[in-house]
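Let's take a walk through a protein together, one piece at a time. Have the sequence and the 3D view open, and we'll stop wherever there is something to look at.

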Amino acid sequence: MSFRLILASASLIALAACQAPAPEQPPEAAALQPVLTAAQIEAGVPRPTLRPATPPAEGAPPAAHAPDAGMVRLQILLDRSRFSPGVIDGLGGENTRQALAAWRQANGLGESGDADAALVQALAAADTAPVMTQYTLTAADLAGPFSPPAGADLAATARAGTNFTSALERLAERFHVTEALLQGLNPGVDFRRAGQVLVVPAVNDAPLAGVARIVIDKTERSARAFDEAGTLLAFYPATIGSSERPAPSGTVTVVGVAPEPDYTYDPERVSYDRGDERIVVPAGPNNPVGTVWIDLSRDTYGIHGSPDPSKIGKTASNGCVRLTNWDAEQLAAGVKPGVVVQFI
């Protein structure tokens, strides 16, 4: 039996599934002009505040709520520096503000979460590579298998599978971007046909190494990874428990890592009600715990991925620490059994 299966069984992973993203729009529904060009993003400077304007109840959103070229650039630079803004959407918001504040603090530039030209210049000076690149759709991207969007019925999700719902969703996750922004950058592209060239964020999925301590801040809703010397290696926005089912307090340790975990709902082991039936949901990117599970020494608790990156830091969980799949994978690569995890 593989380590993945052993650990998934031992952990009895139990969290509620999130809704999977909606399927891709047909190409004829896309705008003829990109919402932003690669050149605009490469030269962009974000608006002063990272808090997006409130969109209207009806009609098209105002320009202040549209993706901002400088914001896309800033989010990509933060992502590559391992101070994750979560999903790249060009809108900013609290996850981006907190990542920026953590980066400023780590680099001796104060603790403000606001963006300005000097801040972007400092980030760009530390990482001079272009923030945008091109990618050609392949047959493998389109091959599937794909699964229908998950619903509230966990047993139905287990039967239907937890693969990506479409090639569009697969590519959006690969490049850490929302499906809406990926489509907006590539108007008229048919995400069901190989050979087409896309404009995408130039993200970096290099794993962490040497994580000695993880700090989970339940108030800030973040996870920080430190090395033995106390140097901050990475910052991630996180969904951490809820008022009804809070995350643990105090100090625990990492027991192990399970890539591509199954998800087990066992009514005899958890304190919330999803029915009386024990259900095992198969592995997949839209599994309720995403693509990786970092098992903690507190029974049934872990740090893991998510089927919906846009909801990280914005919703509740059933007690565990939820990151985007790519952030969870990056963190998991740098931990080993015995790493200390502090909940504050």
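Start with helix H3, residues 69-80: twelve of its twelve residues are buried, so the rest of the structure largely encloses this helix. Before going on, keep in mind that what you're looking at is a predicted model. "Buried" here has a cut-off: under 20% relative accessible area. Among the H3 residues that pass it are Met71, Leu74 and Leu77, but also Arg73, Asp79 and Arg80. A helix turns as it goes, with 3.6 residues a turn, so residues three or four places apart point the same way.

How far does H3 reach from its first C-alpha to its last? The answer is 17 Å, close to the 16 Å expected at 1.5 Å a residue. Now check its two ends. At the N-terminal end, Asp68 acts as a cap, with a side-chain oxygen 3.1 Å from the backbone nitrogen of Gly70. Just after the helix, Arg82 takes a positive phi of about 75°.

Arg82 is also a good signpost to our next stop, since this residue helps line the largest cavity. Searching the whole structure turns up two cavities of 30 Å³ or more, and the largest has a volume of about 70 Å³. Its lining includes Asp79 from the helix we just left, along with Phe83, His176, Tyr236 and Trp326. Which helix gives the largest share of that lining? It's H10, residues 325-332, with three residues. By class, the lining splits into three nonpolar, four polar and four charged residues.

Now for the sheet. Nine strands make an open sheet with mixed pairing, in the order S5-S4-S3-S13-S7-S10-S11-S12-S6. S5 and S6 stand at the edges with a single partner strand each, so one side of each has no neighbour in the sheet. As a reminder, strands of a sheet pair through backbone hydrogen bonds, either parallel or antiparallel.

Let's zoom in on S4, which covers residues 222-226 and has five of its five residues buried. In a regular strand the side chains alternate between the two faces of the sheet. In S4, that puts Ser222, Arg224 and Phe226 on one side and Ala223 and Ala225 on the other, and both faces are covered. S4 has a partner on each side: five bridges join S3 (residues 213-217) to S4 in antiparallel fashion, and five more antiparallel bridges join S4 to S5 (residues 232-237). You can follow this across the sheet at Arg224, whose bridge partner in S3 is Val215 and which stands opposite Phe235 in S5. Right beside Arg224, Ala223 has Tyr236 as its bridge partner in S5, and Tyr236 is one of the residues lining the largest cavity.

The turns on either side of S4 are worth a look too. The S3-S4 hairpin has four residues between the strands, and Arg221 there takes a positive phi near 65°. In the S4-S5 hairpin there are five residues between the strands, and Gly230 takes a positive phi near 90°.

Further along the sheet is S10, residues 292-296. Five of its five residues are buried, so this strand is largely enclosed by the rest of the structure. Val292, Ile294 and Leu296 cover one side, with Trp293 and Asp295 on the other. S10 pairs with S7 (residues 250-259) in the antiparallel sense over five bridges, and in that pairing Pro259 stands opposite Val292. With S11 (residues 302-304), S10 pairs in the antiparallel sense over three bridges, and Asp295 stands opposite Gly302. S10 and S11 form a hairpin with five residues between them, where Thr300 has a positive phi of about 75°.

Our last stop is an open space, the second largest pocket, with about 260 Å³. Of the 20 residues that line it, Gly93, Glu94, Asn95, Ile312 and Lys314 are the closest to its centre. The lining has six nonpolar, nine polar and five charged residues. Take Asn95, which sits in helix H4, residues 94-106. Is Asn95 buried or exposed? At 12% relative accessibility, it counts as buried, because the cut-off is under 20%. The side chain of Asn95 reaches the backbone oxygen of Ile312 at 2.9 Å, and both of these residues are among those closest to the pocket's centre.

Terms used. Residues numbered from 1 in each chain as written. Predicted model: local features only at pLDDT ≥ 70, side-chain atom pairs only at ≥ 80, totals over all residues. Heavy atoms only, no water. Buried < 20%, exposed > 50% of the residue type's maximum accessible area, 1.4 Å probe, protein only. Helix = DSSP H or I, 4+ residues; strand = E, 2+ residues; numbered from the N terminus. Pairing = 2+ DSSP bridges. 1 Å grid on protein atoms, 1.4 Å probe; cavity = no way out; pocket = protein on both sides within 12 Å on 5 of 7 lines; lining within 4 Å. Points joined across faces, edges and corners; volume = space filled by probe spheres on them. Nonpolar A, V, L, I, M, F, W, Y, C, P; charged D, E, K, R; others polar. Expected span 1.5 Å × (residues − 1). Polar contact = N/O pair within 3.5 Å; in protein donor to acceptor, adjacent residues only side chain to side chain.
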